[in-house]
Amino acid sequence: MYILFFLISFFASIIGAICGIGGGIIIKPVMDAFGVLDVSVINFLSGCTVLSMTTYSVCKSFVAKDSSVDMKTGTPLAIGAAIGGLIGKELFSMVASLFASPNTAGAVQAFVLLLITLGTLIYTIQKDKIKTYKVTNLLACIGIGLLLGCFSSFLGIGGGPINLVVLYFFFTMKTKEAVQNSLYIILFSQGASLISNLISGVASIDLTLLVGMILCGILGGIFGRKINKKIVDSTVDKLFIGLMIVIICINIYNIFHYTVL
């Protein structure tokens, strides 16, 4: 099982670095589908893996001076996402406390993620026909970032496709520019979420599994970044669309899986 989870983390991080989705949107539902760990534990492991990948990818881009992060909008978005990440974490705890079984909270997460992923897929396919905007207002950027962080933390996915759609629609970013800005936002939101988890205390975590997934996240970030530099925007879009279809199918399975348990 360790090897399987390490492979999931590695390949999810590769795809996450290529598409700018962090990898959590793959790690979270896939690990949920196996049903061998509590939802809260999976959220934490997924978040740590995503944080390791984004830390490498963002830092490497700045060091190599090939970053396309728009600091004027990216930083307010990231700050908002960090605050939203803390709110989303508390929101998940509140939802989980409403049910006798944590599996029910997992079903809620899967359902919300299904709707978001489906909406993202439709938008991505039709995005060339949709009018976009160029938001520059500081408070608006922080507010948008707050919503991004809240959703990503509540769902335990780190950022996922929501970031890309928002960056396309509100900021008229090209695919690869959106990828780097998305990873920058995820870095802040996941960092804040991790600090909050460490302060409040986390459930018993298998350190071997945690360290292994973090290392796989970094390795995935290394390979994903190299691949992203070699492919064109249209290829990234096709990979992203294919991934959304797979995630939709996994979430449909998870809804029934958690409902039956």
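**Close-up views: salt bridges and a helix pair**

Four salt bridges are found when the whole structure is searched. The model shown is predicted. The legends below treat some of these pairs and one helix contact.

**View A. Arg 225 and Asp 66 form a salt bridge.** The closest N and O atoms of this pair are 2.7 Å apart. Arg 225 belongs to helix 9, whereas Asp 66 sits in the loop between helix 3 (39-63) and helix 4 (71-97), so the salt bridge ties together parts that are 159 residues apart in sequence. Arg 225 has a relative accessibility of 12% and therefore counts as buried, the limit being under 20%. Asp 66, at 27% relative accessibility, counts as partly exposed.

**View B. Lys 229 and Asp 66 form a salt bridge.** Here the closest N and O atoms are 3.5 Å apart. Lys 229 lies in helix 9 and Asp 66 in the loop between helix 3 and helix 4, so this pair ties together parts that are 163 residues apart in sequence. With a relative accessibility of 53%, Lys 229 counts as exposed, because the cut-off for that class is over 50%.

**View C. Asp 66, Arg 225 and Lys 229 belong to a network of salt bridges.** Asp 66 is bridged to Arg 225 and to Lys 229. In terms of accessibility, Arg 225 is buried, Asp 66 is partly exposed and Lys 229 is exposed.

**View D. Lys 127 and Asp 237 meet through their side chains in a salt bridge.** The N to O distance is 3.3 Å. The pair links distant parts of the chain, 110 residues apart. Lys 127 is in the loop between helix 5 (102-126) and helix 6 (138-155), and Asp 237 is in helix 10 (residues 233-260). Both Lys 127 and Asp 237 are buried.

**View E. Helix 1 packs against helix 9.** The two elements span residues 2-19 and residues 207-230, respectively. Their axes lie 7 Å apart and make an angle of about 30°. The crossing of helix 1 and helix 9 is right-handed. The residues of this contact comprise 13 nonpolar, 9 polar and 1 charged. Helix 9 also carries Arg 225 and Lys 229, the two partners of Asp 66 in the salt-bridge network.

Definitions and conventions
Residues are numbered from 1 along each chain as its sequence is written. This is a predicted model: local features need pLDDT of at least 70, side-chain atom pairs count only at pLDDT 80 or more; totals for chains, interfaces and linings use all residues. Side-chain values use heavy atoms; hydrogens and water are left out. Axes are lines fitted to C-alpha atoms, for helices over the stretch in contact, and angles run from 0 to 180 degrees between N-to-C directions. Helices (H or I, at least four residues) and strands (E, at least two) are DSSP runs, numbered from the N terminus. A crossing is left-handed if the near helix is turned anticlockwise from the far one by less than a right angle, and right-handed if clockwise. Ala, Val, Leu, Ile, Met, Phe, Trp, Tyr, Cys and Pro count as nonpolar, Asp, Glu, Lys and Arg as charged, and the others, Gly among them, as polar. Buried means under 20% relative accessible area, exposed over 50%, partly exposed in between (1.4 Å probe, protein chains only).
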